[in-house]
Amino acid sequence: MDLFNSRGVAYKPAKDVDLSPTSSEFYLTANVKAPRMVGIVVKIFAWVLEMRILGKLLLYVLKANNLIYKLVGNAEIEESPVFLPSHPVEEKENEEVKYIGVALSETEQVQEAVSCLPSWSDTEVDSLNPSFHRWTIMDYSTAYRSRKITPLTVAERFIAAVSESSKPPLNMSFFINYNVEDILKQAAESTNRYEHGQPLSVLDGVPIAVKDEIDCLPYPTTGGTSWLHKLRPCTSDASCIRYLRLCGALIVGKTNMHELGIGTSGINPHHGSTRNPYNTSRICGGSSSGSAAVVAAGLCPAALGVDGGGSVRIPASLCGVVGLKPTFGRVPHSGVLPLNWTVGMVGILAATIEDAFIVYAAISSKPKLCFPLLNTSRPIPSVTMAKYGEWFNDCSDDIRICCSNALDKLQKHHGWKTVEVTIPEIEVMRLAHYSTIASECSTALSSYLEKLDSSQLGWDARVALAVYGSFGSKEYIKAQKIRNRQMYFHRKILAHADVIVSPTTGVTAYPILNDALKTGELDYINGAALVRYSIAGNFLGLPAVTVPIGYDKTGLPIGLQFIGKPWCEATLIHIAYAMQALCVADYKKPEVFYDLLTQK
């Protein structure tokens, strides 16, 4: 390859690209050329990248080797750039959903969601799965209302569990910050409301954790760093937190995350590396690592994350929980660190799809909110799922087999059908998304980084920020042209299907090695495998959900993902609910698990 003459690809007009299963479009696997780096190697790499002349040369070589110039920066693209993944709201009547009034409060929206849920007794739950059941929001609410337990007792058990999990031998590093006094104060107020028969909603007193990328008093917002909160103080709650408080939710602290959200492992040299409750020697995924882990470990039935490149769905899949990323613009973004304006969205990690649904109801805004009727005796009569075979199968054998079996089970049980399609230029979309998130993150942080001693950054973050800062306006504009193409492709595919189905990740949770704990690690090959199926949800603003469906040969969780049409979260939730119902009997208890309701 002539590195200094990186000619770009000339793309044919999007309207001329064949999306049929017999298309001649070539599936390009991720072209990642970078070894795993830790310790002194990643330090040397960071130092070289930060050099004025040699750094620029190395960055050019890296980007050329990874096809950034060929497929994005120097490409010839006919389409105009699209800078925001906004979608029109289409009016379509549907018997399986409930339309929600525009003037409802957050608590009323939660009540509407609850009215859409089936009413299962404890006996029915036990008969479904006698071996393992995570306590849900409705379990907490029912226990509180029946006076079997109080929010104050749950809070005390939560505090004890977090304290235990933070110490040897576990060292789980679930939280960056939690305030015992504040938790007990909230719990006492909630307990008082139940004693007077006046809970605010089913969320009243239910522990909810928050990724440390979202403003939430009385905590600083660190973004997983050791310094950001000193330059950007948190002065008020984010909108989504304010909505949860209005519903009485017990906000229990700020969860750990990959530094600045710029990695997918959750390994953090400042606040400890969050460990996977299913195997404490494995990663949780990122960047919403702590939020996934606390749900998996039973500390909370739900937690908030932020998803800029699979950062909710990846850790949800690796930790065996549900991850829901709504449509771009559905959840207000005010009070969230502005690290990636056009690709990042608040998402929900939850024990079950019903829990994700309830929290979604609390924090969602218009336009045109509608909820799935999960309490109907009949499922959606007809669902068409689009599947791109080469992409679907580009994962480990365990994941491919498990996801294929789950999809077969769904088709046979409900009579739904799968149609084969071609989704062109998936690797191009990944690189365009990377160019976009890199440009937006480095721009958002530029005023802070100017005042910062680089020694306060983790070494892997220093490398990432050096790479991020190398992207210019030409690459950013070309990436937005690619966004336009991909929005066209996905719109055409979803005109003939209800969802696109894929694995959630290409690999299961890989080991946390001791050599990465102090410096962080660069593992772009595993990183590319983790984000392989996530990009459309972020770059194109589409809603997506991951559901746990099984385990690999070593017992690590596997998730199946459904990507939906814009504003069609109700359909996604309904499909996820059907998938969950077919898999729940086989769910396994993690190695690290806390039962806050009964302490069995």
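Helices here are DSSP runs of H or I with at least four residues, strands are runs of E with at least two, and both are numbered from the N terminus. With that in hand, welcome to a set of close-ups of a predicted model.

**View 1. A cis peptide bond sits between G286 and S287.** Let us begin with the backbone. The bond from G286 to S287 has an omega near 10°. To find S287, look in the loop that runs between β6 (279-283) and α11 (289-296).

**View 2. L217 and P218 are also joined by a cis peptide bond.** Omega for this bond is about 5°. P218 belongs to the loop between β3 (207-211) and α9 (228-231).

**View 3. R147 has a positive phi although it is not a glycine.** The phi value of R147 is near 65°. This arginine is placed in the loop that links α6 (137-145) to α7 (151-166), and the helix at the end of that loop, α7, is one partner in the next view.

**View 4. α7 packs against α8 (residues 180-195).** The two axes lie 7 Å apart, and the packing angle is about 160°. Angles over 145 degrees count as roughly antiparallel, so α7 and α8 are roughly antiparallel to each other. The crossing of α7 with α8 is right-handed. On the α7 side, the residues to look for are P151, L152, A155, E156, F158 and I159. They meet V180, I183, L184, A187, A188, S190, T191 and Y194 of α8. Sorted by class, the contact of α7 with α8 has 11 nonpolar residues, two polar ones and one charged one.

**View 5. Helix α4 (residues 106-115) crosses helix α13 (residues 353-363).** Here the axes come within 7 Å and cross at roughly 150°. That angle makes α4 and α13 roughly antiparallel to each other. The handedness of the α4 and α13 crossing is right-handed. From α4, the contact draws on E106, Q109, V110, A113 and V114, while α13 brings F357, I358, A361 and A362. Seven of the residues in this contact of α4 with α13 are nonpolar, with one polar and one charged.

**View 6. α16 (426-449) and α17 (459-468) pack at an angle of about 105°.** Their axes are 8 Å apart. Angles of 65 to 115 degrees count as roughly perpendicular, and α16 and α17 are therefore roughly perpendicular to each other. The α16 side of the contact consists of Y434, A438, C441, S442, L445 and L449, and the α17 side consists of L465, V467 and Y468. No charged residue takes part in the contact of α16 with α17, which divides into eight nonpolar and one polar.

**View 7. The largest pocket holds about 960 Å³ of space.** Its lining counts 50 residues, and the closest to its centre are I262, R430, Y434, Y468 and Y524. Two of these names will be familiar from the previous view: Y434 from α16 and Y468 from α17 are part of the contact between those helices. At least two lining residues come from each of α2 (54-65), β7 (302-307), α16, α17 and α19 (524-531). With six residues, α16 gives the most to the lining of the largest pocket. By class, this lining has 26 nonpolar, 15 polar and nine charged residues.

**View 8. The largest cavity encloses about 120 Å³ of space.** The structure has four cavities of 30 Å³ or more. Of the 16 residues lining the largest cavity, W391, I426, E427, R430 and R532 are the closest to its centre. R430 deserves a second look, as this arginine is also among the residues closest to the centre of the largest pocket. Two elements, α16 and α20 (535-539), each give two or more residues to the cavity lining. The largest share, four residues, comes from α16. As for class, the lining of the largest cavity is made up of 10 nonpolar, two polar and four charged residues.

Definitions and conventions
Residues are numbered from 1 along each chain as its sequence is written. This is a predicted model: local features need pLDDT of at least 70, side-chain atom pairs count only at pLDDT 80 or more; totals for chains, interfaces and linings use all residues. Side-chain values use heavy atoms; hydrogens and water are left out. On a 1 Å grid over the protein atoms alone, a cavity is a set of points where a 1.4 Å probe fits but cannot get out, and a pocket is an open set with protein on both sides within 12 Å along at least five of seven lines; lining residues have an atom within 4 Å of a point. Grid points are joined across faces, edges and corners, and a volume is the space filled by probe spheres set on the points. Ala, Val, Leu, Ile, Met, Phe, Trp, Tyr, Cys and Pro count as nonpolar, Asp, Glu, Lys and Arg as charged, and the others, Gly among them, as polar. Axes are lines fitted to C-alpha atoms, for helices over the stretch in contact, and angles run from 0 to 180 degrees between N-to-C directions. Angles under 35 degrees count as roughly parallel, over 145 as roughly antiparallel, 65 to 115 as roughly perpendicular and the rest as oblique. A crossing is left-handed if the near helix is turned anticlockwise from the far one by less than a right angle, and right-handed if clockwise. Contact means heavy atoms within 4.5 Å.
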